[in-house]
Amino acid sequence: MKKLFGIISACLAVAASGATLTGVTTASAAELALTKGCKSAYLMDFNSKECIYKENETARMPIASVCKVMTLTLCFDAIEDGKIALDSIVTVSDNAAGMGGSQVFLESGLEYSVDQLIKSIIVCSANDSCVALSETISGNEDEFVAKMNKKAEELGCTDTLFANCTGLPRETQYSCAKDVALMFGNLLSHEDYFNYSKIWLEDFEHPDNRTTSMTNTNKLIRKYGFCDGGKTGFTNEAGFCLASTAKKDDLRLISVVLGASSSDDRFDSTIKMFDYGFANYKNRIVLDKNVTLNDEFAVVGGKKESFAVRPERNCYVFSAVDKTPEITHNVISYKVKAPVACDQVVGEIEVFKDGVLIDRVNVVAAESVKKASFGDNFRRNAREWAL
C-alpha cells in the first residue's frame with residue numbers, strides 16, 4: 001500500500017459571525033435579515049452540505065407540494081434501479097385521475113409515459129401525475145408513502161413525516177427547512193432532474209388529442225439567472241414554500257424557505273439568501289478528474305512497471321472567502337495486477353479539511369496496461385541481472 005501526502009491551501013469568503021463549522025461560519029436569523037415574512041429558512045452548500053444560514057431550521061411544519069421533492073426522488077431512484085424507464089407506459093387509474101389541486105387533468109384509462117408524468121410534476125406540480133407514478137412504482141400510494149418515509153430516514157431527516165405523495169393537507173404530515181434541504185440535495189444528485197427543471201412553458205399532450213398548458217411554478221428560473229431548479233408549495237396551512245437551487249461558477253447552493261406570508265416573500269427571501277451565499281462563500285477544486293496525479297501507481301506483471309492515474313471525479317472544498325483551511329491528501333494505491341483497463345478503480349484519495357475527513361474519491365487508471373509476455377519478462381530479468 002502506497003501513501004502520498006500533500007498540502008493544498010485554499011482561499012475562501014467573508015461571513016457574519018456565528019457558530020463555526022470547519023472553516024465555514026453559519027449565520028443565524030438574529031445576525032442577518034436575509035428573509036422576510038418566513039417562518040423557517042435554510043441555506044447550504046450542495047456538495048459539502050455545510051450550512052450557511054439557518055432560521056428555525058428544525059421547526060416541524062407543513063410543506064405543501066414541496067413534499068414532491070421526495071416523490072420525484074423515488075421516481076428517479078426507480079429509474080436508476082431499472083424498475084421503470086422514461087419511456088415506460090403508465091395507465092392512469094380512477095384514483096389518480098380524480099386528484100384535486102394542481103394537475104394536468106390525466107384521463108382515467110389513458111396511457112402516458114413516465115417521462116411525461118415526471119415533467120408535469122417538476123414543471124407544474126401535477127398531483128394526478130404523482131399518484132399515477134406512485135401506483136406504478138409501489139402498487140398503491142400508501143406503499144409509496146412508506147418508501148418516502150424510509151428514504152427520509154436514510155437521509156438523516158429526523159423531523160419529517162409524509163402522509164401522501166402530493167402534499168395536499170393531511171394530519172400528521174410535516175417536515176422542516178433543514179430536512180427539505182437534505183432531501184432536495186439528494187434529488188439534485190439525479191442529473192436527469194435538470195432536463196426538466198428549467199422548462200418555463202410547455203404543452204402537455206394527452207393521448208386523446210387534448211392539450212394542457214404547463215407553466216413552471218418556480219419563477220426564479222426566469223427571475224434569477226443562476227437558478228436552475230426548484231419546487232414550490234402552497235396551502236393555507238403551510239403558507240408559501242420554496243426549495244430551490246442556484247449555481248455560480250463551481251458553487252451550487254440550496255435554499256429552503258417555509259411558511260412565507262406571500263409568494264413574493266418566498267422568492268425575494270430566496271434571492272437574498274443566494275446573493276449572500278455567492279458573495280461570501282466559494283468552492284475551490286482540489287482534485288480535477290481531468291488531471292493525472294504527480295505519482296504513478298505500480299503494477300505487477302505488466303508490460304510497464306507503473307501507470308498514470310487520476311481522480312475518478314472532481315473534489316471541491318467549500319469555505320468562506322476569508323478562511324484558509326488546510327487541505328491534506330492521503331493517496332492509497334491498491335495492489336494491482338496486469339492487465340489494467342483505463343478507468344479501472346485502482347485506489348482512493350482521502351481528503352482532509354483542517355484535519356477532518358471530508359471526502360473519499362476513487363483513483364482510476366488514466367491508461368491501460370497490457371499483461372507482460374514471456375519475452376517482456378525475460379528482457380526485464382536480463383536487465384536486472386546485468387545491474
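Strands β19 and β20 form a hairpin with two residues between them, and Asp354 in the turn has a positive phi of about 50°. Helices here are DSSP runs of H or I with at least four residues, and strands are DSSP runs of E with at least two, numbered from the N terminus. This is a predicted model, in which local features need pLDDT of at least 70, side-chain atom pairs count only at pLDDT 80 or more, and totals for chains, interfaces and linings use all residues. Residues are numbered from 1 along each chain as its sequence is written, and side-chain values use heavy atoms, with hydrogens and water left out.

**The hairpin and its neighbour**

Let us stay with the hairpin for a moment. Strand β19 covers residues 345–353 and pairs with β20 in the antiparallel sense over eight bridges; two strands pair if DSSP finds at least two bridges between them. Across this pairing, Glu350 stands opposite Arg360 in β20. Strand β20 (residues 356–365) is also joined to strand β16 (residues 309–311), again antiparallel, by three bridges. There, Arg310 has Val364 of β20 as its bridge partner.

**The fold as a whole**

Stepping back, the protein has 10 helices and 20 strands. Of its 387 residues, 52% count as buried, where buried means under 20% relative accessible area, exposed over 50% and partly exposed in between, using a 1.4 Å probe and protein chains only. Among contacts in the protein with a separation of 6 or more, 65% come from residues 24 or more positions apart; a contact means heavy atoms within 4.5 Å.

**Helix α5**

What span should the 14 residues of helix α5 have at 1.5 Å a residue? The expected value for α5 (residues 141–154) is 20 Å, and the end C-alpha atoms are 20 Å apart, which agrees. The expected span is 1.5 Å times one less than the number of residues.

The buried residues of α5 are Glu141, Phe144, Val145, Met148, Lys151 and Ala152. They cover an arc of only 120° around the axis, which puts them on the same side of α5; the arc is that of the directions from the helix axis to the C-beta atoms. An α-helix has 3.6 residues a turn, so residues three or four places apart point the same way. The buried residues of α5 pack against α1 (68–80), α4 (127–138) and α6 (177–188). On the face turned away from the buried side sit the exposed residues Asp142, Lys150, Glu153 and Glu154.

Both ends of α5 have something to show. At the N-terminal end, Asn140 acts as a cap, with a side-chain oxygen 3.1 Å from the backbone nitrogen of Asp142. After the helix comes Gly156, whose phi is positive, near 85°.

**Polar side chains and their partners**

Three residues elsewhere in the chain make polar contacts, listed below. A polar contact is a pair of N or O atoms within 3.5 Å; within protein, one must be able to donate a hydrogen and the other to accept it, and residues adjacent in sequence count only if both atoms are side-chain atoms.

| Side chain | Partner | Distance |
|---|---|---|
| Gln173 | Ala163, backbone nitrogen | 2.8 Å |
| Glu296 | Ser306, side chain | 2.6 Å |
| Lys119 | Glu202, side chain | 2.6 Å |

Gln173 is found in the loop between α5 and α6 and counts as buried at 15% relative accessibility. Not counting residues up to four places away in sequence, Gln173 touches Pro62, Leu161, Phe162, Ala163, Asn164, Gly167 and Leu168.

Lys119 lies in helix α3 (residues 114–124). Is Lys119 buried or exposed? At 17% relative accessibility, Lys119 counts as buried. With residues up to four places away in sequence left out, Lys119 touches Cys124, Tyr196, Ile199, Glu202 and Met214.

Glu296, in the loop between β13 and β14 (297–298), is partly exposed, with a relative accessible area of 37%. The C-alpha atoms of Glu296 and Ala308 are separated by 4.8 Å, although these residues are 12 residues apart along the chain.

**Aromatic rings**

A search of the whole structure finds 11 aromatic pairs. In one of them, the rings of Tyr281 and Phe318 have centres 5.4 Å apart and planes at 15°, so the pair is stacked. Tyr281 lies in strand β13 (residues 281–287) and Phe318 in strand β17 (residues 315–320), so the pair ties together parts that are 37 residues apart in sequence. Rings of Phe, Tyr and Trp (its six-membered ring) pair if their centres lie within 6.5 Å; planes under 30 degrees apart count as stacked, over 60 as edge-to-face and the rest as tilted. Tyr281 counts as buried at 3% relative accessibility, and Phe318 is buried with a relative accessible area of 2%. Ring pairs also link Tyr224, Phe226, Phe274 and Phe278 into a cluster.
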